Amino acid sequence: MNGVLFTGGGLNLLDNNGQHHPYYETAKQIFNYSLFKKDVLGETWPVLGICQGLEVVSLILSGDVDTLDEVRIHGESRPIKWAVDEETSRLFGGFTPQLAAAMEAESLALHAHSFSIGVDTYESVPGLNRFMRVLQTDAIEQDGKHIEFIAAMEAKDYPIYCTMYHPEY
């Protein structure tokens, strides 16, 4: 195996009693294995987290603290906003300028989730903002509030990439 995909899904990763789902515990071991491969063996072992995968990576980096913000979008394709020059991203660096522009101008990113990581949350959680770099954001009006949330991010020094939307659709 040369890497792993943390898939989307609707699991309750952290219950009301602070107990972690077995998926979370397994994902944490796999995440740490990716760090070990790079730090100790000098090998690249990528992790791609989609939707719930972004959520689980965020929880791991927060030190097992619930950092999920309620962001309810189900079955809606939306444009994204680039937070960086996509050419500087390892995940999106191979995109043509036309595709990068289309991601921002057209509704190409399919969202199907109840939670995400708000930009404010990202900025306030040292484990997140020291380890990950925000690549794309999106924003919604929900319950009378404007919520800007992370659409995609990648680790600054590791082969770990996450999208909140579903590129497989």
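Buried means under 20% relative accessible area, exposed means over 50%, and partly exposed lies in between. Keep those cut-offs in mind as you click through this predicted model.

**Stop 1: Lys-37 and Glu-43**

Select Lys-37 to begin. Its relative accessibility is 11%, so Lys-37 counts as buried. Now add Glu-43 to the selection. Lys-37 and Glu-43 form a salt bridge, and their closest N and O atoms are 2.7 Å apart. Glu-43 has a relative accessible area of 36%, so this partner is partly exposed.

**Stop 2: helix H1 and a nonpolar patch**

Next, select residues 22-39, which make up helix H1, and look for Phe-36 within it. With 37% relative accessibility, Phe-36 counts as partly exposed. Now show Tyr-33, Val-40 and Leu-41 together with Phe-36: these residues make a nonpolar surface patch of about 370 Å².

**Stop 3: helix H2 and its crossing with H1**

Keep H1 on screen and add helix H2, residues 52-61. How many of the residues of H2 are buried? The answer is 10 of the 10, so helix H2 is largely enclosed by the rest of the structure. Click along H2 and you will pass Gln-52, Gly-53, Leu-54, Glu-55 and Val-56, then Val-57, Ser-58, Leu-59, Ile-60 and Leu-61, which are buried.

Turn the view until you can see both helices. The axes of H1 and H2 come within 10 Å and cross at roughly 75 degrees. Angles from 65 to 115 degrees count as roughly perpendicular, and H1 and H2 are therefore roughly perpendicular to each other.

Which residues meet where H1 and H2 come together? On the H1 side, select Tyr-23, Tyr-24, Ala-27, Lys-28 and Phe-31. On the H2 side, their partners are Gln-52, Val-56, Val-57, Leu-59, Ile-60 and Leu-61.

**Stop 4: either end of H2**

Step back to Cys-51, in the loop between strand S2 (47-50) and H2. At 2% relative accessibility, Cys-51 counts as buried. Its backbone deserves a look too: phi of Cys-51 is near 55 degrees, a positive value in a residue other than glycine. Most residues other than glycine have a negative phi.

Then jump past the other end of the helix. Just after H2, Gly-63 takes a positive phi of about 80 degrees.

**Stop 5: Ile-150 in strand S7**

Select residues 145-155 to bring up strand S7, and pick out Ile-150 there. Is Ile-150 buried or exposed? Its relative accessible area is 0%, so Ile-150 is buried.

To see what surrounds this residue, set aside its neighbours within four places in sequence. Ile-150 is then in contact with Leu-54, Ser-116, Ile-117, Val-119, Tyr-122, Val-134, Gln-136 and Met-164. One of these contacts, Leu-54, takes you back to H2. You can also draw a distance from Ile-150 to Thr-163: the two are 13 residues apart in sequence, and their C-alpha atoms are 8.1 Å apart in space.

**Stop 6: Asp-143 and Arg-72**

Move to Asp-143, in the loop between strand S6 (132-142) and S7. At 61% relative accessibility, Asp-143 counts as exposed. Asp-143 has a positive phi of about 55 degrees, although it is not a glycine.

Now show its side chain along with that of Arg-72. The two meet in a salt bridge, at 3.2 Å from N to O. This pair links distant parts of the chain, since Asp-143 lies in the loop between S6 and S7 while Arg-72 lies in strand S3 (residues 69-78), 71 residues apart. Arg-72 has 34% relative accessibility, so it counts as partly exposed.

**Stop 7: Asp-138 and Arg-78**

Where does the next salt bridge lie? Select Asp-138 and Arg-78, whose closest N and O atoms are 2.6 Å apart in a salt bridge. This pair also links distant parts of the chain, with Asp-138 in strand S6 and Arg-78 in strand S3, 60 residues apart. Asp-138 is buried, with a relative accessible area of 9%, and Arg-78 is buried as well, at 12%.

For the last selection, show Glu-70, Arg-72 and Asp-143, which are joined into one network by salt bridges that share partners. Across the whole structure, a search finds 6 salt bridges, among them the one between Lys-37 and Glu-43 where the tour began.

Note on methods: Residues are numbered from 1 along each chain as its sequence is written. This is a predicted model: local features need pLDDT of at least 70, side-chain atom pairs count only at pLDDT 80 or more; totals for chains, interfaces and linings use all residues. Side-chain values use heavy atoms; hydrogens and water are left out. Buried means under 20% relative accessible area, exposed over 50%, partly exposed in between (1.4 Å probe, protein chains only). Helices (H or I, at least four residues) and strands (E, at least two) are DSSP runs, numbered from the N terminus. Patches are made of residues with over 30% relative accessible area and no salt bridge: like charges are joined within 9 Å, nonpolar side chains (Val, Leu, Ile, Met, Phe, Trp, Tyr) within 5 Å. Accessible areas come from the Shrake-Rupley method with a 1.4 Å probe; for residues, only the protein chains shown count as cover. A salt bridge is a side-chain nitrogen of Lys or Arg within 4 Å of a carboxyl oxygen of Asp or Glu. Axes are lines fitted to C-alpha atoms, for helices over the stretch in contact, and angles run from 0 to 180 degrees between N-to-C directions. Angles under 35 degrees count as roughly parallel, over 145 as roughly antiparallel, 65 to 115 as roughly perpendicular and the rest as oblique. Contact means heavy atoms within 4.5 Å.
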